Amino acid sequence: MSDQAGAEGSAAPDVVLLVSRARGLARAGELEGALRLLREAEATELGGHRDVLDLRARVHAQRGETAEAAECWRRVLARHPDDPAAGAGLTRLGRTGPVAALGRHRARTALVAAACVTAVVAGVLTALDGPRPARAGTDRAAGGRQSPGASARAGGGQDEDQADARRAAALADDLRAPGLRVTAHGESVEVVFTQGLFSEGAQLTPAGARHLALLGERLAGRHLSVTVHGHAATVPGAPRSGGSVVALWRALVAARELGAASGQPLTAFTTDSADQRDAPYPDPARNRTVTLVIAPERGL
């Protein structure tokens with residue numbers, strides 16, 4: 001064992017305590033407090049520990065401080081060049097950011113952009129993470145394009161297809177719980193809530209908040225691609241297609257709750273408004289909800 005590895009190993013109990021305290025603050029929404037705790041460790045050997053730097057990077061990313069997040073993950077890679085979480089974090093930062101993400105988001109109207117900026121708490125805009133992937137089991141949501149990973153499957157061979165399917169099936173088994181309908185579709189898993197999560201607008205019901213928290217806890221520590229599709233009940237006189245601001249708002253709120261429960265930064269989630277035609281239920285009350293498409297990241 002190297003001296004560096006030995007130092008990190010000997011500091012493990014203190015690291016666990018520090019990271020646990022900081023993560024608890026972050027999950028409670030106290031991002032400034034979590035960051036202060038992690039920064040104070042910089043004066044000790046704990047400050048350079050992989051777990052401390054990784055959590056610090058995630059908190060910075062959730063606050064929209066992409067340069068600071070990138071610096072923390074680079075420090076991790078300088079000592080652990082093969083660290084998958086740091087590599088994945090830097091990759092995400094390379095294709096996200098509040099301004100760039102808004103420009104790429106599927107809700108392209110100025111009205112939606114304005115609503116997101118004014119209605120969502122600070123840092124939520126970092127959740128708008130690139131183009132919307134296809135919903136499992138439907139071509140309409142993907143606009144006729146290939147589903148994520150289709151080109152990789154074409155060149156990767158049948159073995160990779162089968163490995164992806166096995167990972168998705170195992171993930172589906174892990175995520176199943178009362179109140180959730182979880183279905184594996186090839187390389188991804190679709191999660192549908194059996195009851196509506198929102199009472200009105202983007203106000204979560206107590207049961208909806210609990211379901212999101214429980215699901216978020218099951219996502220913790222995994223390397224996943226998560227897309228949150230917001231839905232809205234169709235009311236008389238409202239558009240029958242094209243998505244809605246309310247649906248997008250719900251997706252953002254759900255991503256915030258999932259991020260808090262899982263310890264993942266909001267940049268780990270892609271959000272959008274689903275088309276009204278893709279609503280999971282004929283019942284308007286149950287359509288006050290979100291659905292998720294979750295895929296294990298290949299190679300991690």
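Salt bridges are a good way into this one: the structure, which is a predicted model, holds 14 of them. Side chains of opposite charge can pair when their charged atoms come close. Let's walk through a few cases.

Take Asp 173 and Arg 176, which form a salt bridge with their closest N and O atoms 2.5 Å apart. How exposed is Asp 173? Its relative accessibility is 52%, so Asp 173 counts as exposed, the cut-off being over 50%. Arg 176 comes out at 40% and therefore counts as partly exposed.

Next door in sequence is Asp 174, whose side chain meets that of Arg 222 in another salt bridge, at 3.3 Å from N to O. This pair links distant parts of the chain: Asp 174 belongs to helix α9, Arg 222 sits in the loop between α10 and β5, and the two positions lie 48 residues apart in the numbering. Both ends are partly exposed, with relative accessible areas of 29% for Arg 222 and 39% for Asp 174.

Glu 257 and Arg 256 give us one more pair, their side chains meeting in a salt bridge at 3.0 Å, N to O. Glu 257 has a relative accessibility of 23%, which makes it partly exposed, and Arg 256, at 32%, is also partly exposed. Then there's a network: Arg 50, Asp 51, Asp 54, Arg 58 and Asp 83 are joined into one by salt bridges that share partners.

Charge turns up in another setting too. Arg 286 has its charged end over the ring of Tyr 281, 3.9 Å from the ring's centre. And how many aromatic pairs does a search of the whole structure find? Zero.

Now step back to the overall fold. The chain has 11 helices and seven strands. Of its 300 residues, 46% are buried. If you look at contacts between residues at least 6 apart in sequence, 68% of them join residues at least 24 apart. On the outside, the chain exposes about 14000 Å², with carbon and sulfur atoms supplying 53% of that area.

Moving inside, the largest nonpolar core has 30 residues, and the members that touch the most other members are Val 191, Val 228, Leu 292 and Ile 294. Which elements give two or more residues to this core? They are the helices α9 (150-175), α10 (206-219) and α11 (245-262), along with the strands β1 (180-185), β2 (188-193), β5 (224-230) and β7 (290-296). The largest share comes from α11, with five residues.

Leu 292 is worth a look up close. Setting aside neighbours within four places in sequence, Leu 292 is in contact with Val 189, Glu 190, Val 191, Phe 193, Leu 215, Val 226, Thr 227, Val 228 and Leu 258. There is also a second, separate core of 15 residues, and its members include Leu 35, Leu 37, Ala 41 and Val 59.

Finally, have a look at Ala 28, in the loop between α2 (12-27) and α3 (31-40). Is Ala 28 buried or exposed? With a relative accessible area of 59%, Ala 28 is exposed. Its C-alpha is 7.3 Å from that of Ala 260, although 232 residues separate the two in sequence.

How values were computed
Residues are numbered from 1 along each chain as its sequence is written. This is a predicted model: local features need pLDDT of at least 70, side-chain atom pairs count only at pLDDT 80 or more; totals for chains, interfaces and linings use all residues. Side-chain values use heavy atoms; hydrogens and water are left out. Rings of Phe, Tyr and Trp (its six-membered ring) pair if their centres lie within 6.5 Å; planes under 30 degrees apart count as stacked, over 60 as edge-to-face and the rest as tilted. A charge sits over a ring if NZ of Lys or CZ of Arg is within 6 Å of the ring centre and within 35 degrees of the ring normal. Helices (H or I, at least four residues) and strands (E, at least two) are DSSP runs, numbered from the N terminus. Buried means under 20% relative accessible area, exposed over 50%, partly exposed in between (1.4 Å probe, protein chains only). Contact means heavy atoms within 4.5 Å. Accessible areas come from the Shrake-Rupley method with a 1.4 Å probe; for residues, only the protein chains shown count as cover. A nonpolar core is a set of buried Ala, Val, Leu, Ile, Met, Phe, Trp, Tyr and Cys residues joined through side-chain atoms within 4.5 Å. A salt bridge is a side-chain nitrogen of Lys or Arg within 4 Å of a carboxyl oxygen of Asp or Glu.
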